Amino acid sequence: MRELHFDVTGQLLRRNKQCDFENIVRGSDNYLCLVFHFDNDWKETKRVISFYDVDGKQTNEIIQDRVTVPVDVTHGSMFYFELTGKSNKTRITTNRTYIEQT
C-alpha cells in the first residue's frame, strides 16, 4: 500500500514535504492510502473526506487519520478531495487538494 501524507493546520490542507507524490498511476484499486497529520484545531472533531473524480462526482467517507482512496476516483487522470471536521461548537472545512495520476 502506498501512503500519501498530508498536514492539516486549521483550514489549510497541504502535502507533506517529506512524501513523494510523483508517479501515481491510475487504476490501482485499494492501494493508495491518504494519511493526515491534524493540528489541535481538529481535536475532538468528527471528520469526513469528500473525494471528487475527474467529472466532479462526489464520494464521502468518515475517517480518523487515514483512508484508502475509493475505487470510484482512481481511474481518471486526477482526483481531488477536501476535509470537513465538526464538533459541538465548530465546523472546519479545508481547501481542496488535487492528485494527478499518470
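Here are some exercises with worked solutions on the predicted model shown above.

## Exercise 1: The open sheet

Work out which strand order the open sheet of 4 strands has, and which strands stand at its edges.

**Solution.**

Step 1. Begin with strand 1 and its partners. Strand 1 and strand 3 run parallel and are joined by 7 bridges; one place to look is H5, which stands opposite V35 in strand 3. Strand 2 pairs with strand 1 in the antiparallel sense over 4 bridges, and here T9 stands opposite L12.

Step 2. Now add strand 6. Its pairing with strand 3 (residues 32–38) is antiparallel, over 3 bridges, and C33 has T68 of strand 6 opposite.

Step 3. Put the pairs in a row. The order is 2-1-3-6, and the pairing is mixed. Strand 2 (12–15) and strand 6 (66–68) are at the edges: each has a single partner strand, so one side of each is left without a neighbour in the sheet. On average, neighbouring strands of this sheet are turned by 25° against each other, direction ignored.

Step 4. Finish with the connection between strand 1 and strand 2. These two strands form a hairpin with 2 residues between them, and G10 in the turn has a positive phi of about 60°.

## Exercise 2: Two faces of a strand

Sort the residues of strand 1 into a covered face and an uncovered one.

**Solution.**

Step 1. Recall the general pattern: in a regular strand, side chains alternate between the two faces of the sheet.

Step 2. Apply the pattern here. R2, L4, F6 and V8 make up the covered face of strand 1, while E3, H5, D7 and T9 make up the uncovered one.

Step 3. Check one residue of the uncovered face by its number. E3 has a relative accessible area of 33%, so E3 is partly exposed.

## Exercise 3: The nonpolar core

Find which residues of the largest nonpolar core touch the most other members, and which elements give two or more residues to this core.

**Solution.**

Step 1. The largest nonpolar core has 22 residues, and those touching the most other members are L4, F6, L34, F36, I49, F51 and F81.

Step 2. Trace where the core comes from. Strand 1 (2–9), strand 3, strand 4 and strand 7 each give two or more residues.

Step 3. Take F36 as a test case. Not counting residues up to four places away in sequence, F36 touches F6, V8, L13, I49, I63, D65, V67, F81 and L83.

## Exercise 4: The partners of strand 7

List the strands that pair with strand 7, and say how many of its residues are buried.

**Solution.**

Step 1. Strand 7 (residues 78–86) has 9 residues, and 8 of them are buried.

Step 2. Strand 4 (residues 46–52) runs antiparallel to strand 7 and is joined to it by 7 bridges. Within this pair, V48 has T84 as its bridge partner.

Step 3. Strand 9 (residues 97–100) also pairs with strand 7 in the antiparallel sense, over 4 bridges, with F79 opposite I99.

Step 4. Strand 8 (residues 91–93) is antiparallel to strand 7 as well, through 3 bridges. K86 stands opposite R91 here, and the two strands form a hairpin with 4 residues between them.

## Exercise 5: Salt bridges

Identify the 2 salt bridges of the structure, and decide for each partner whether it is buried or partly exposed.

**Solution.**

Step 1. The general idea helps: side chains of opposite charge can pair when their charged atoms come close.

Step 2. One salt bridge is formed by R66 and E3, whose closest N and O atoms are 2.9 Å apart. R66 lies in strand 6 and E3 in strand 1, so this pair ties together parts that are 63 residues apart in sequence. R66 is partly exposed at 41% relative accessibility, and E3 is partly exposed at 33%.

Step 3. The other is formed by E82 and R96, with closest N and O atoms 3.4 Å apart. E82 sits in strand 7 and R96 in the loop between strand 8 and strand 9, 14 residues apart.

Step 4. Compare accessibility with the cut-off: buried means under 20% relative accessible area. E82 has 14%, so E82 is buried, whereas R96, at 38%, is partly exposed.

Step 5. Look around E82. Leaving aside neighbours within four places in sequence, E82 is in contact with V48, I49, S50, Y52, T93, T94, N95 and R96.

Key. Residues are numbered from 1 along each chain as its sequence is written. This is a predicted model: local features need pLDDT of at least 70, side-chain atom pairs count only at pLDDT 80 or more; totals for chains, interfaces and linings use all residues. Side-chain values use heavy atoms; hydrogens and water are left out. Two strands pair if DSSP finds at least two bridges between them. Axes are lines fitted to C-alpha atoms, for helices over the stretch in contact, and angles run from 0 to 180 degrees between N-to-C directions. Buried means under 20% relative accessible area, exposed over 50%, partly exposed in between (1.4 Å probe, protein chains only). Contact means heavy atoms within 4.5 Å. A nonpolar core is a set of buried Ala, Val, Leu, Ile, Met, Phe, Trp, Tyr and Cys residues joined through side-chain atoms within 4.5 Å. A salt bridge is a side-chain nitrogen of Lys or Arg within 4 Å of a carboxyl oxygen of Asp or Glu.
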